Amino acid sequence: GTLAVIKGGGGALLREKLVELQAKTLVIIADETKAVARLGTTFKLPVEVVQFGWELTHQRIRTAFPNLKASVRRMRSSSEPFVTDEKHYIIDLDFTPAGIPDAQACARTLNMIPGVVDHGLFIDMANVALIATSEGLVREYTRASK
């Protein structure tokens, strides 16, 4: 099956993706609260955008996803936009509670918007996901070979 995750909640999604693309094996470790049948049902999707012209990029994202809330991530200490390690902004796309109907189509759409650097959809990048349960067990999910 497909192993897909949303990463980048801390704002380092571009760096994480670049590192993970170089990995021979990617193992995702999480607790059961993060395991969902459909991505986007419990967590917002971070989208990293360049600062230059970010308002236009934000509008293009809202146009591409008209039924969703797309909000600029702000610093906790002020109302200033959160800045990533690469000096970009994050726009959080809120698919909750229904989730992302087609993660691959969503990724393709975001990749076509000028100003979008990357997004938190990590589709078919993980080889294994280890999910810890509240009972102390670990469920293992393995991506089918291509």
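Contact here means heavy atoms within 4.5 Å. Keep in mind that this is a predicted model, where local features need pLDDT of at least 70, side-chain atom pairs count only at pLDDT 80 or more, and totals for chains, interfaces and linings use all residues. Residues are numbered from 1 along each chain as its sequence is written, and side-chain values use heavy atoms, with hydrogens and water left out.

**Exercise 1.** Find which residues L110 is in contact with, leaving aside neighbours within four places in sequence.

*Solution.* Step 1: skip those neighbours, and you're left with L45, V47, I61, F65, L93, V116 and H119.
Step 2: look at the largest nonpolar core (buried Ala, Val, Leu, Ile, Met, Phe, Trp, Tyr and Cys residues joined through side-chain atoms within 4.5 Å; buried means under 20% relative accessible area, exposed over 50%, partly exposed in between, with a 1.4 Å probe and protein chains only). It has 21 residues, and I61, L93 and L110 touch the most other members.
Step 3: α3 (103–111) is one of the elements giving two or more residues to this core; helices (H or I, at least four residues) and strands (E, at least two) are DSSP runs, numbered from the N terminus. The largest share, four residues, comes from α3.

**Exercise 2.** Work out whether G115 is buried, exposed or partly exposed.

*Solution.* Step 1: locate G115 in the loop between α3 and β6 (116–119).
Step 2: its relative accessibility is 23%, so G115 counts as partly exposed.
Step 3: check its surroundings. Beyond four places in sequence, G115 is in contact with E48, V49, V50 and T57. The C-alpha atoms of G115 and G53 are 7.5 Å apart, though 62 residues separate them along the chain.
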